[in-house]
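Okay, thanks for making time, everyone. I'll put the structure up and walk you through a few spots in it.

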Amino acid sequence: MPARRGSQPSQRMGQKKQRLAEAEQLQSPADAAQTPSPKDPCVEMPAIPGPQRSIYFSSPKGHLTRLGLEFFDQPAVSLARAFLGQVLVRRLANGTELRGRVVETEAYLGPEDEAAHSRGGRQTPRNRGMFMKPGTLYVYIIYGMYFCMNVSSRGDGACVLLRALEPLGGLETMRQLRTTLRKGTTCRALKDRELCSGPSKLCQALAIDKSFDQRDLAQDEAIWLEHGPPGPSEPAVVATARVGVGYSGEWAQKPLRFYLRGSPWVSVVDRVAEQEAQA
């Protein structure tokens, strides 16, 4: 009789283990996927439907598809050309993603370049991002109110200025940001072409400010670069003089601005350079 009483707890324990095993088997893979790993990026969706989310934030186990250090680690001229056609993604705090295809850039070559903020090799707290590892953002303010975004390349003091994007996703949010942030203009509705057709415009449209200075474009969770979708053919690239650097002597005329020929999203079109390229 005592032995019989002692077997009851063992039976109950065995039944409990069996129920736990059955519960684990019934749990679906979808239920398990809803619990993110502590190492994974935040994948919480916005409360309201938004633009399609990037693969970077929705792929299993946080698998990265973004362009990394190896992309940015090249000389300024080749990086400025390589940027064309790639997609810049900005993820806002509420989870909304703004996306734009890079269509215009400028290269700044470092200490020898009289138009660069790093000319003569001078380093200051303002331009420190230009001397950091490739892929570092250098964001500065002009006219006391507008921001411009550069990305450091290989070589101390060398970088690429992002001048224009073709808006791909989140256009209404871009329009709201541009309307809110632009100064001294009427409140007319902005056309799609006006959203990102200039270095300061694209910063407004993507909510880029000085807080982005010295961030790593290869690692940051709020802004990154992805491979652009393949096109039917490789678009022609126009090389022409940079804009707004007339103070830099002969460097003002060097063909260090690059844009996709025929793109309606470019800030300044150079018809003469286009004709010479076709000749």
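Let's begin with the largest pocket. Its lining is made up of 25 residues, and Y140, I142, C148, V243 and G244 are the ones that lie nearest its centre. Before I go on, please keep in mind that this is a predicted model.

How much space lies in the largest pocket? About 510 Å³. As for what the wall is made of, the lining divides into 16 nonpolar residues, 5 polar ones and 4 charged ones. Several elements supply at least two lining residues each: β2 (97–108), β3 (137–142), β4 (146–152), β5 (159–169) and α7 (199–205).

Staying with α7 for a second, that helix holds S200. Is S200 buried or exposed? With a relative accessible area of 13%, S200 falls under the 20% cut-off, so we call it buried. If you skip its neighbours within four places in sequence, S200 is in contact with I142, Y146, F147 and C148. You've met two of those names already: I142 and C148 are among the residues that lie nearest the centre of the largest pocket.

Let me zoom out briefly. The chain has 8 helices and 8 strands. Of its 279 residues, 44% count as buried. And if you take the contacts with a separation of 6 or more, 63% of them are between residues 24 or more positions apart.

Now two helices, starting with α5, residues 76–83. Its buried residues are A76, L79, A80 and F83. Why do I say they're on the same side of α5? Because they cover an arc of only 105° around the axis. What covers them includes α4 (69–72), β2, β4, β5, β6 (223–226) and β8 (257–260). Just after α5 you'll find G85, which takes a positive phi of about 95°.

The other helix is α6, residues 171–181, where the buried residues are M174, R175 and R178. Look down the axis of α6 and those buried residues fall within an arc of 100°, so they line one face of the helix. On the other side of α6, Q176 and T180 are exposed. And what sits over the buried residues of α6? The cover includes β2, β5 and α7.

Back up a step from α6 and you're in the loop between β5 and α6, which is where G170 sits. G170 counts as buried, at 16% relative accessibility. Which residue do I want to pair with G170? It's R99: the two are 71 residues apart in sequence, yet C-alpha to C-alpha they are 6.7 Å apart in space.

Last stop is S118, found in the loop between β2 and β3. Don't let the word "loop" fool you here: S118 has a relative accessible area of 0%, so it is buried. What does its side chain have for company? A polar atom of the S118 side chain lies 2.6 Å from the backbone oxygen of G157. Beyond its neighbours within four places in sequence, S118 is in contact with G110, P111, N127, M130, F131 and G157.

That's my tour. Shout if you'd like me to go back to any of it.

Definitions and conventions. Residues are numbered from 1 along each chain as its sequence is written. This is a predicted model: local features need pLDDT of at least 70, side-chain atom pairs count only at pLDDT 80 or more; totals for chains, interfaces and linings use all residues. Side-chain values use heavy atoms; hydrogens and water are left out. On a 1 Å grid over the protein atoms alone, a cavity is a set of points where a 1.4 Å probe fits but cannot get out, and a pocket is an open set with protein on both sides within 12 Å along at least five of seven lines; lining residues have an atom within 4 Å of a point. Grid points are joined across faces, edges and corners, and a volume is the space filled by probe spheres set on the points. Helices (H or I, at least four residues) and strands (E, at least two) are DSSP runs, numbered from the N terminus. Ala, Val, Leu, Ile, Met, Phe, Trp, Tyr, Cys and Pro count as nonpolar, Asp, Glu, Lys and Arg as charged, and the others, Gly among them, as polar. Buried means under 20% relative accessible area, exposed over 50%, partly exposed in between (1.4 Å probe, protein chains only). A polar contact is a pair of N or O atoms within 3.5 Å; within protein, one must be able to donate a hydrogen and the other to accept it, and residues adjacent in sequence count only if both atoms are side-chain atoms. Contact means heavy atoms within 4.5 Å. The arc is that of the directions from the helix axis to the C-beta atoms.
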